Amino acid sequence: MIENSSQQGTESMTAESRRLEGPMAMCPMAKMCAGMAQTRFSSVLTTLPGILFIALGVLIVIEPGVLVWLLAAGSVLLGIMLLIGGAFLRKMGGQLRM
């Protein structure tokens, strides 16, 4: 019985390794991410928001009035997005009811 269970473990490992050696050894999303990591543009594109947020934080420390404007702009944009989302849901609901 012990020999049988050890053979089953070996069989499952070989089946697992055979699965990885097939034509799809890496998922498409992983291939895309690996390709993005190799380009220089991707690293700049990911560090740019970090630099902008740091600059914005320094600006808020220097001039706290900027925070009020940012909150107001964010509230207006959020309200617009909610109105657009509600209109979209009404439109989709109307199409489903037909």
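Confidence in the protein chain of this predicted model bottoms out in helix 1 (residues 2–21), with a mean pLDDT of 50, and peaks in helix 4, at 92. Here pLDDT is the predictor's confidence in each residue, from 0 to 100. Local features need pLDDT of at least 70 and side-chain atom pairs 80 or more, while totals for chains, interfaces and linings use all residues. Numbering starts from 1 along each chain, and side-chain values use heavy atoms, without hydrogens or water.

**Confidence**
- Averaged over the protein chain, pLDDT is 78, and 73% of the residues reach at least 70.
- Residues 9–13 stay under 50, with zero contacts (heavy atoms within 4.5 Å) beyond four places in sequence.
- Where pLDDT is low, don't read the predicted coordinates in detail.

**Fold**
- You get four helices and zero strands in the protein chain, counting DSSP runs of H or I with at least four residues, or E with at least two.

**Surface**
- Just 3% of the 98 residues are buried, meaning under 20% relative accessible area (exposed is over 50%, partly exposed in between; 1.4 Å probe, protein chains only).
- Accessible surface comes to about 8,900 Å², with 75% from carbon and sulfur atoms, by the Shrake-Rupley method.
- I80 sits in helix 4 (residues 65–97) and is partly exposed at 42% relative accessible area.

Methods
Accessible areas come from the Shrake-Rupley method with a 1.4 Å probe; for residues, only the protein chains shown count as cover.
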